[in-house]
Structures are given as structure tokens and as C-alpha cells.
Amino acid sequence: MNKKIKIKIDGKECLAYSGQTILEIARENKIFIPSLCYHPDLEIKANCRVCVVEVKGCNKLMTSCSVIAENGIEVFTNSEKVQKARNTNLKLIFSEHLEKCDGCTLKFDCTLLNLAKRYNLKINHFKDRKVDRKIYKFANTVEVDGSQCIDCRNCVDVCSNVQKINYLEIRGKGVKQEIVPTKNKNIDCIYCGQCTLHCPVASAQEKYDWPELEKILAQKGKKTLIAIIAPSTRMAIGEEFGLPYGQNNSGKMVAALKKLGFDQVMDVVFGADVTTLVEAEELLERLGNKKAKLPLITSCCPAWVKYLEFYRPDLIPHLTSSRSPQIHLGGIIKTYWAQKKNIKPEDIIVVSIMPCTAKKFEISRPELKIGKLKPIDKVLTVRELAFMIKKNNIDFKKIKPEKSNDLINDGSGAGLIYGASGGVMESALRTAHHAICDSSKAKICNSRLEFKEVRGSKGVKEAKLNLSGNKLNVAVVNGIGNIKDVLDNLSRYDYIEVMACPGGCIGGGGQPIPSSVEIVAKRTAGLYQGDKKVKIRTAHDNKGAVEVVNWLKENKLGHKVLHTNYKKRLKDKIN
Amino acid sequence: MSIIKKIESACLIGRGGAGFPTHIKLQAVAKSKSKVRYLVINGAEGEPGIYKDGYIIKNHLKEFSQGVKIASDFIKAKKIYFYLNSKYYKLYNSAIIKEFNKAGLKGQFEIFKKPKEAGYIGGEESTILNIIEGQHLEPRLRPPFPTEKGLFGEPTLINNIETIYNIYLVSINKFSHQRFYSINLASKNIGVYSLPDDWSIAKVLRETGNYPDYKFFVQVGGDASGDVLNEKQLEQKVSGAGSITIYDLEKHQSLELIKYWLSFFVGHSCGQCAPCREGTYRLLELFEDISSSSKCQKDCLLKANKDFLDICENLSLSSFCALGVSAPIAVLSYFKNVFPLKVS
């Protein structure tokens, strides 16, 4: 399509497609217009009014986020009128946000502070209005702090319109308006953290565990401190430091974590390979057993598991009994690794770096304990880790990448793509396919590595697969908002992957801000490129993972470390 | 002549306050491709000082019902929602049902009671659509306009009671360019008068025998959002929804009046946009916080307060809907047109 219309912004001629908003055109042309409530993935709300511009011939200002440009218009983004309105709106909004900068993970790149600086405005021009507002805490994962909320409603929109959970609501009118968890007994938070990812001012934020990490790091020397990094984190953390989208920064993460004080850094990609081995085995078992429950449904997304336990406990038998990659790796560290290294498991602290807020909840599940030990001791989001790196003046951009060099290896390409929607399924299919081929059951064996049918950004991805004669109907649910159709037609499928966050973990609630469909696509490309680059691209080719699984089974730890169970869950009490 | 031609040549405009040409709205809905269309009659009448819609229901219900039938037939409405404030609902609900049935609308309409908490914003047309749909009590982003995408996403004609009544008058060739004026003293309603719509404020007051024999000023177009004018500014037409409220210049309490206006908008802002939610709140806060000095009263200090003026200007420049835009009108026009007279 050709750019058909021509408009002028601050004297600059801009070509644009018809249907584009003034804000979109300005951004394409590198003309800055501030915005707070605007998010490319959400419906336009135009409630913050800081993106106002003047259009020649119109008396009232227009919100550039909502107004579609007409051919020939002349727009001013910084006229006297615009300055007045924009600055007044900013000052008014600043006074809704109680400054809690000291401990805020956004403080090194705060939207509000940046705008105050840019326009030379005082952030406390008006008295803070919301000092007495409540903080709503959702398990140990997400908090919505009313004293910092600027009423942009992105959290409500993403919770209702994208995730379709409807947990957050707007209560009250005018200045009494407040974002609150619903009182509806049939609705509960699934901890996906998309509200935190879409909040421009960290009013909705993950429950901070970085202060705990500081305490843990202070035990250096007394305990063995191990950090583990999730597949998707390496493709996103660079954004926090101005590095390109989709760049694999696992080496820099290892180096930075060691600099922070960790004795060892390990890769959850290894854990993902273990998960694949366990899950593929279960898939084949269920496919071969006529009495087994089908479809088999993935369980490595803790927000999805919470969803199922609360909304559809009747489907619990469909979930794979396989634990998730971080829990697998944590358990392996505290059993296999501890024994090989001759370290008491009680003396090991494992901190997991995750793209996710729900993972904080997952590690608190008592059924995951191995004896008295929790496989993982703390979960930090990517944002929390980036904050810690900045806080400790570690120059991430310049830091020299390091390798983890441990007896636990860095995992396969299949484990890496766990970070993307469809990745878990593709990994399991790679391994299941190989297993069928390997066994005598297969008549013809066409070795197959890539399953592109289950990749991509569609809400539901369906495929009919032929695994060497075994016909398999699969579905991948990309974002919990798309779950309904699949659950309504469950019997159509043999195997289903569900990721609560759009894009999968790569678009997770704990990833860097901003995040959008476009950004998530760039991060995802990094994962698939990474998979192509490595030699070992399947879990079953990861000899280390196979060895560990065998070791666990031989030592009668298979059930304790590799499997779990689920239970019907009632609505959480809100603290 | 067709009804639409009649309406067009009579230059009928909406009587809800915005003054939009009626025939354009009607045609926009009638011409839409969608088969489902709705008619919503706005009987919210939430602005203090205006009560002419209630007067029409009380005195001209039959004619009004005929107007509903004409408008509904013209746009081929699937259903009519008569949105009515709770006071009128209580008074006239059964009479309206009877009269609508008689007009041939049986089974085609629903009288929808305006929720108590809806307040002033509950009379804004897109807010009404949200309320009927069970959505949040606040205006919608425009475009799309209700005529394209209104109630339940379908093309919707929303008109005020007086406008619908006028459609009836036009249809029987009896529309004589009159409008209903609600006239009030500071705290007392005087009554509703039907008079030519091009009369000046002064003429309306004189002809109805309400022109004061004392020094006074007026608020025109609603006691909350109307323009405040002094005695020398009365040669203009009556704006908005057609009300004139007379205040005694000597006796009126400046501070109380200002506080009334400011509080009204804090209480009635829906809270959706920053300029209105925060702005109206800060205006009242500034008013409360400014302490009078020996030289200058609160009001005269407020009049010169930069924040106060900035917020007022911002309300009119960048508010989401007309409520925010109208929030500073009374207080600013009072300062401009009346306040200097008072202090001198």
C-alpha cells in the first residue's frame, strides 16, 4: 500500500497511510509526542490528554492518539496552547502518583520523571492526592498500589479485553475512582502480570523480591548462591540497557549475575529439556493408552495452571504431571548437582530470573517441595534483575559475556524456544517424533525437527500432524484470552499448549516495559534464530538432560523431582 | 413535503444544548446500511435550573408521543428507549406508557430510568448509551458518533424531548420557531415559557414580566454550566438548553456561588479524563486553600491565581467531553462580567 496522505507536523512534511492517527505518524517521523494511557496493543482511550496537539483551524486541542489524520492537515505538537494544556495535565497527573521512587524498579527510566525533566515541571506542583489509597496484593505476585495510580486504566483493559479475566475493575466516580479487584466470587486473578506490563507508572507492579535478593547476596560465602535464567529473559533484558530487540544476552546475564555475587549461573533451558523429556514420555504413554485422558495439556505456565485449578478443576486430569522447567532445574540442583558437588542442599539458594510474575506463586506451592526443600527460593522478574544491575552500577552494555561452564549444561535449541508460544509443544513434538521413529512402531520415519504450524502470533494455532503414521490434532493457545474456543471443543484435540501471556513467556508479565505485540515479535525472532544456531536442537539429544533424568529415576527421585499434582482452588483472599 | 424536508426547511436544531441540525442526525441514521437502528430519547434533564422537558411531558405528552412515532418511523427504529430521570419517571411513567401505546408504539419502547448516581454526566448522550448497555457511567470516545455506532454498536438517533416535540409541530406545520425558557430567581423556579427562539435575554425577561427592578446579573443556559452575564450583556439570544436565572447583584454571596459551581463539577465529573477529574478537584481545592487577606477576599485572589486560570483554560482546551469543557464557564464568566461590578 502506498502512503497516500500528506500532513505537516511542526513544519515537517510527513507521508502517511490513510487511517493512521496523528500520534502514529509523528512517531514514525521521529517527532516526540508524550503519552501515558496510549498502548499500541490496547483500544484507544484518550483519557490522560497529554498527547494533545493543535490542528490548524481547530480551536479545541485534539488527542493525537485518537484522531485519524486527514490529508493536508497541519499539526503543531508544541504550540503555546499545547504546552499549556499538556503541562497542566502532566502536573495534575503527577499529583495522583505518590513518589515511592527509592525502591521502584522503574526509577532509572521513569516515564513521569522523564516527562517532568523534559518539560521542566515540578512533580509535586500540586499536593499528592492519593496518599491514603490502598495497596491490593494478589498472592505473592502482583500488587496494585492505589497511591500511585494515574487512572489510565491500561491494567483494567488488558485484564478484561486482552486476557478476558475481568479481575480488575473501576470502582467509584470522579476523584473517588479506584482500580480494585472484583468482588465477584467466580473471578480470580491468575497472576499473569499483564497489568504490571501495561502500567506506565508501576502502580501495578510485581511483588518486589529484589530486597530479599539483597539479603540473600549478603550470605555470600556462607551459602552457595545459584541464579538460573529462563529462556525468554535473555532475548528481552537488553532492552533495559538500550541494546537491540531480540539480541541474545545470556552471556552478559551470566556475567552480571556473577558480578552481583552469585557463585554459579545455570540455564533454565536445561530445565526445559528435562520438562520436554518428561512431557513427551507422558504424551506417548497417553496416546498409547486408550483409557488415558486426552488431550494432554501443558502445565509449565503457572498462570494457566492457576486458571485451570480455579475455573476448570474438572480438567485437572488433562494436565501433564510434569513440573515446569524452573522447578525441574531447581530440584535437580538440590539433588543431583548437590550430590555431585558434595554440597548440602540446605546450603544452596536458588534464585530464578523469570519473565513472569506467576512464577513467584508457583515456587510457593507446597506440593513442589522435595522433602523440606523448596526447589526455588526466590523468583525475580527481568525488570527486577535489570534494576539490581543498574542499582549496583554494573555496565551491562559493556560487560564481557561469560559462560556458565557447569556440569549442568546450557540446554538445547528446543529448550530455548520454550520462551515462545508454541515452543513447548514443538519441543515435545521433536522428541515424541523421534521416540516414535526410534521404536519399532513406526512404519515410515521422516525425521522432522521444525513444526512451524505451531509458531506465530495467532491467538489459537491448530494443526493436524502426522508423526510417522500417528495422527495428532494439536492446538496452541497463545494468550489466555483465547482459551474459550479451545476449551469448548476439547475433544477435538490430542495435545494442547497454553500460555497465559500473549506471545508466551517472551511477552510475559515480568518482561521489560514497554512491551507490545510488535516488540514481542522481535524478541521471538531472536529465540528461533538461537534455536537454529545451536548444534543440539532436541531435548533427547541433550545427553546431560537424559543422564540427569536417568540418575533421578535410578535414585528413586523421579517422582519427587519430575512430577507434580494439582488441586481445585478457591478464590484467594485479598490482603 | 416529506417530513425530512419540512424539518430541514424549518431549520430545526437540537434543544438539548448543543444545537445540532436535526435533519442531519435523522438522515444519518435513516441512511445507514445497518438494519437495526435505535431511537433514544434523552429525558435526563440533569442541569440545575432547567425543567422544560418535564413541563413538556406534563402539558404536551400527546403531541410529544406523536413526535416519537414520527422520528421512530423515519429511522425505522427497532426499539425506542425513553431515558428519563427518576423524578419524571415517578411522576409520568404510567401516563407516558398510555400515551405511547395510543400513538401506535405498543411493544416498541422501553422507559429506562436514569440511575440516581448518574448525575449530570448521566445526561450526556454517549453516557446514556453506556448506561443502557450496562457499561461504565461515562462518555464514549467520538468518532464514531452515535449515528454511526450507537446503542449496542448500531446506528442510534438520540434526541432531547423538546426536539422530538418540535418534530411533531413541524409535521403538522405548526412549528413557529418558539422554544421553552426555564426562568428562575437565584433559588426559586419561576416557570416555563414558550416564546420565539430568537428573542434576546432582555426581551424574554421583559415580556414575561420578570425583568428585575434591582441591580442584577444572570446565568444563561443552565445553573451549573451556563454563561454568567451582566445587565449590559442581555441583547444576545438565550444559549444552551434555554434557561435564565436571575441573581441580585448586591445581595448575592459571591463565595457561596463560586463554591457551588466548583463543587458541582467535582461531584459530577465521571473521572475518565485527567483535565476534568483532576482539574475540577484542584479548582475547588485552590478555592478552599486560598485564605483571604485584608486587602483581598478569597474570590479576588482566586481570580488572579495562575494555577486556577491554567486549569480552567485546560478544561476548555483538552477535556474529553462537554462536561469538562463547560466546567469553568460559569466561574470564569462570573469573574469577567460580574465580579468587577460587585467590588466597585
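Q: What makes both faces of strand 4 of chain B count as covered?
A: On one side B:Thr156, B:Ile158 and B:Asn160 are buried, and on the other B:Leu157 and B:Asn159 are buried too. A residue is called buried if 20 or more other C-beta atoms, placed from the backbone, lie within 10 Å of its own (exposed means 12 or fewer, partly exposed in between). This is a predicted model, where local features need pLDDT of at least 70, side-chain atom pairs count only at pLDDT 80 or more, and totals for chains, interfaces and linings use all residues. Residues are numbered from 1 along each chain as its sequence is written, while chains are lettered from A and ligands numbered from 1 in the order in which they are written.

Q: Why is strand 4 of chain B described as largely enclosed?
A: Five of the five residues of this strand, 156–160, are buried, so the rest of the structure largely encloses it. The strand itself is a DSSP run of type E with at least two residues; helices are H or I runs of at least four, and both are numbered from the N terminus.

Q: How do you know that strand 1 and strand 4 of chain B pair?
A: Two strands pair if DSSP finds at least two bridges between them. Here five bridges join strand 1 (residues 38–43) to strand 4 of chain B, and the two run parallel. Within this arrangement, B:Leu39 stands opposite B:Leu157.

Q: Why is chain B called as compact as a globular protein of its length?
A: Its radius of gyration is 21 Å, close to the 20 Å that the globule rule gives for 344 residues, so the description fits. The radius is taken over C-alpha atoms, and the rule is 2.2 Å times the number of residues to the power 0.38. Chain B contains 13 helices and nine strands, and 51% of its 344 residues count as buried.

Q: What makes domain 1 and domain 2 of chain B count as in contact?
A: Residues are in contact if their C-beta atoms, placed from the backbone, lie within 7 Å. By that test, 13 residues of domain 1 of chain B are in contact with 15 of domain 2 of chain B. Helix 3 (residues 52–75) of chain B gives the largest share of the domain 1 side, three residues. The bounds, 3–171 for domain 1 and 178–248 for domain 2, come from an automatic or database domain assignment.

Q: How do you know that chain B touches chain A?
A: The contact test finds 24 residues of chain B in contact with 24 residues of chain A. Helix 9 of chain B gives the most to its side, with seven residues. That side of chain B has 11 nonpolar, eight polar and five charged residues. Nonpolar here means Ala, Val, Leu, Ile, Met, Phe, Trp, Tyr, Cys and Pro; Asp, Glu, Lys and Arg are charged, and the others, Gly among them, polar.

Q: Why are strand 13 and strand 16 of chain A said to stand at the edges?
A: Each has a single partner strand, so one side of each is left without a neighbour in the sheet. The open sheet of four strands has the order 13-18-17-16 in chain A, with mixed pairing. Strand 13 and strand 18 (residues 495–499) of chain A pair in the parallel sense over two bridges, and A:Tyr495 is the bridge partner of A:Leu296.

Terms used: Contact = placed C-beta atoms within 7 Å.
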